[in-house]
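Work through the exercises below with the sequence and the model at hand. Each task is followed by a solution in steps.

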Amino acid sequence: MKILLVDDDPAIRLVAGMALSRLGRHDVREAEDASGALAALAAERPDAVLLDYMLPDADGAELLGRMRDLSDQDLPPVVFLTAKDDPATVDRLMGLGARGVIAKPFDPTTLPGRLVAILAGAAPRS
């Protein structure tokens, strides 16, 4: 599966990217901000987007809307990776069309399986 990982923290991108590619055997592309994410989506359509909620140039909810506006096809499923996992925020993100939410900090050894489970509809919040 081709995954676009969007996070402004290089350490998160490194750990999550390695977990998804090495343990999960996924093809991972990375972006550090909203602009990079939009460029990556325009260049190559991923199968899923793992998106940080708090980015320097847009919050994840805003970016999700911009991704929808720019997409001439159906948007790939979006799963948020965030420390803001309070019920109100999770409900808001799910209402905007997110497939699920994975809380930070996360266990890199279980991240690939959790992402696949969310995408399969097994567990929207973990």
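Helices (H or I, at least four residues) and strands (E, at least two) are DSSP runs, numbered from the N terminus. The model is predicted: local features need pLDDT of at least 70, side-chain atom pairs count only at pLDDT 80 or more, and totals for chains, interfaces and linings use all residues. Residues are numbered from 1 along each chain as its sequence is written, and side-chain values use heavy atoms, with hydrogens and water left out.

**Exercise 1. Place Val116 and describe its surroundings.**

Step 1. Val116 belongs to helix α5.
Step 2. Accessibility classes are buried (under 20% relative accessible area), exposed (over 50%) and partly exposed (in between), with a 1.4 Å probe and protein chains only. Val116 has a relative accessible area of 37%, so the class is partly exposed.
Step 3. Contact means heavy atoms within 4.5 Å. With neighbours within four places in sequence set aside, Val116 is in contact with Met1 and His26.
Step 4. Between the C-alpha atoms of Val116 and Ala37 the separation is 21 Å, and the two residues are 79 apart along the chain.

**Exercise 2. Characterise the packing of α1 against α5.**

Step 1. Two packed helices are described by the angle between their axes and the distance between the axes. Axes are lines fitted to C-alpha atoms, for helices over the stretch in contact, and angles run from 0 to 180 degrees between N-to-C directions.
Step 2. For α1 (residues 10-23) and α5 (residues 111-119), the angle is about 80° and the axes are 8 Å apart.
Step 3. Angles under 35 degrees count as roughly parallel, over 145 as roughly antiparallel, 65 to 115 as roughly perpendicular and the rest as oblique. Helices α1 and α5 are therefore roughly perpendicular.
Step 4. From α1 the contact uses Ala16, Ala19, Leu20 and Leu23, and from α5 it uses Leu111, Pro112 and Leu115.
Step 5. For the composition, Ala, Val, Leu, Ile, Met, Phe, Trp, Tyr, Cys and Pro count as nonpolar, Asp, Glu, Lys and Arg as charged, and the others, Gly among them, as polar. The contact of α1 with α5 has 7 nonpolar residues, no polar and no charged.

**Exercise 3. Repeat the analysis for α2 and α3.**

Step 1. The axes of α2 (residues 34-43) and α3 (residues 60-70) come within 11 Å and cross at roughly 30°. That angle makes α2 roughly parallel to α3.
Step 2. A crossing is left-handed if the near helix is turned anticlockwise from the far one by less than a right angle, and right-handed if clockwise. Here α2 and α3 cross in the right-handed sense.
Step 3. Ala34, Ala37, Leu38 and Leu41 of α2 meet Leu63, Arg66, Met67 and Leu70 of α3. These residues of the α2 contact with α3 split into 7 nonpolar, no polar and 1 charged.

**Exercise 4. Count the aromatic pairs and classify their geometry.**

Step 1. Rings of Phe, Tyr and Trp (its six-membered ring) pair if their centres lie within 6.5 Å; planes under 30 degrees apart count as stacked, over 60 as edge-to-face and the rest as tilted.
Step 2. The rule gives 1 aromatic pair. The ring centres of Tyr53 and Phe80 are 6.2 Å apart with planes at 65°, so this pair is edge-to-face.
Step 3. Tyr53 lies in the loop between β3 (48-52) and α3, and Phe80 in strand β4 (residues 78-82), so the pair ties together parts 27 residues apart in sequence.
Step 4. Tyr53 and Phe80 are both buried.

**Exercise 5. Examine the backbone at Arg25 and Pro105.**

Step 1. Most residues other than glycine have a negative phi, and most peptide bonds are trans.
Step 2. Arg25, although not a glycine, has a positive phi of about 60°. Arg25 lies in the loop between α1 and β2 (27-31), and is exposed at a relative accessible area of 68%.
Step 3. Lys104 and Pro105 are joined by a cis peptide bond, with omega about -5°. Pro105 sits in the loop between β5 (100-103) and α5.
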